[in-house]
Amino acid sequence: MAVATSPPAPSQGRQYYRKSVRLNLLWFGGDGNKSKQNEKDQGSQKEPKSKMGTTATTMENFKQSQELGKKTGALLTELSVATVEGTAAKGKIKVILDGEQRPKLVEIDEEYFDGVAVEDFTEALTSAMQDAYLKSTNLMEEKMSGLYTELGLPPIKQ
């Protein structure tokens with residue numbers, strides 16, 4: 001903490017001294033002397049940035065973000081109209097999902113019900129659903145991997 005005194009104020013022949021107190025608070029930048037010394041020490045290491053350079057970089061990042069948003073929206077639209085089919089019981093049970101794993105249709109061949117136990121039916125239906133889900137997630141990962149590659153990002157790790 002530094003204490004500074006101000007010059008005497010002329011007032012009715014009396015001399016008053018006003019003391020001011022300066023607090024060095026770390027969250028407001030710390031000690032001004034230390035930061036000036038650090039700037040002198042790092043003077044050759046720092047390159048001054050112009051405000052136009054920073055603004056141009058910000059604008060470029062904004063454009064890239066907009067492009068990413070458009071591509072992601074197009075990808076989600078493409079996935080929502082794509083369909084995948086999971087099958088079980090030698091193709092007699094089919095489950096169709098869209099590219100976002102939403103169920104669209106379940107088809108069961110009527111001949112499958114002849115002489116099949118309920119447990120076998122539920123097991124086959126579950127298997128068809130799992131097959132469709134696996135294919136749908138693989139489709140999504142493939143599309144996302146393509147988007148990442150196009151944007152120059154590292155591939156998705158599984």
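**Entry 1: Ser136**

I looked up the contacts of Ser136 first: beyond its neighbours within four places in sequence, Ser136 touches Val84, Asp98, Gly99, Glu100 and Gln101. I note at the outset that the model is a predicted one. I then asked where Ser136 sits, and found it in helix α3, which covers residues 118-151. Is Ser136 buried or exposed? I recorded a relative accessible area of 0% for Ser136, so this residue counts as buried.

**Entry 2: Glu100 and its partners**

Glu100, one of the contacts of Ser136, was my next subject. I found a salt bridge between Glu100 and Arg102, with 2.9 Å between the closest N and O atoms. The pair belongs to a network: Asp98, Glu100, Arg102 and Lys104 are joined by salt bridges that share partners. Asp98 also appears in the list of residues that Ser136 contacts. For Glu100 I noted a relative accessibility of 26%, which makes it partly exposed. Arg102 is also partly exposed, at 39%.

**Entry 3: Salt bridges between helices α2 and α3**

How many salt bridges does a search of the whole structure find? The search returned seven. I examined the one formed by the side chains of Glu150 and Lys71, where N and O are 2.7 Å apart. This pair links distant parts of the chain, since Glu150 belongs to helix α3 and Lys71 to helix α2 (residues 51-81), with their positions 79 residues apart. Glu150 is exposed at 53% relative accessible area, whereas Lys71 is partly exposed at 23%.

I next looked up Glu78 and Lys143, whose side chains meet in a salt bridge with an N to O distance of 2.5 Å. Because Glu78 lies in helix α2 and Lys143 in helix α3, the pair ties together parts that are 65 residues apart in sequence. I recorded 38% relative accessibility for Glu78, which is therefore partly exposed. Lys143 is partly exposed as well, at 26%.

**Entry 4: A patch of negative charge**

Which residues gather in a patch of negative charge on the surface? I listed Asp109, Glu110, Glu111 and Asp114. I chose Glu111 for a further check and located it in the loop between β7 (103-108) and α3. Why does Glu111 count as exposed? Its relative accessibility is 53%, and the cut-off for exposed is over 50%.

**Entry 5: Review**

I close with helix α3, which holds the buried Ser136. Helix α3 also holds Glu150, the partner of Lys71, and Lys143, the partner of Glu78.

Terms used: Residues are numbered from 1 along each chain as its sequence is written. This is a predicted model: local features need pLDDT of at least 70, side-chain atom pairs count only at pLDDT 80 or more; totals for chains, interfaces and linings use all residues. Side-chain values use heavy atoms; hydrogens and water are left out. Helices (H or I, at least four residues) and strands (E, at least two) are DSSP runs, numbered from the N terminus. Buried means under 20% relative accessible area, exposed over 50%, partly exposed in between (1.4 Å probe, protein chains only). Contact means heavy atoms within 4.5 Å. Patches are made of residues with over 30% relative accessible area and no salt bridge: like charges are joined within 9 Å, nonpolar side chains (Val, Leu, Ile, Met, Phe, Trp, Tyr) within 5 Å. Accessible areas come from the Shrake-Rupley method with a 1.4 Å probe; for residues, only the protein chains shown count as cover. A salt bridge is a side-chain nitrogen of Lys or Arg within 4 Å of a carboxyl oxygen of Asp or Glu. Lys and Arg count as positive and Asp and Glu as negative; His and the chain ends are not counted. The place of a charge is taken as NZ of Lys, CZ of Arg, CG of Asp or CD of Glu.
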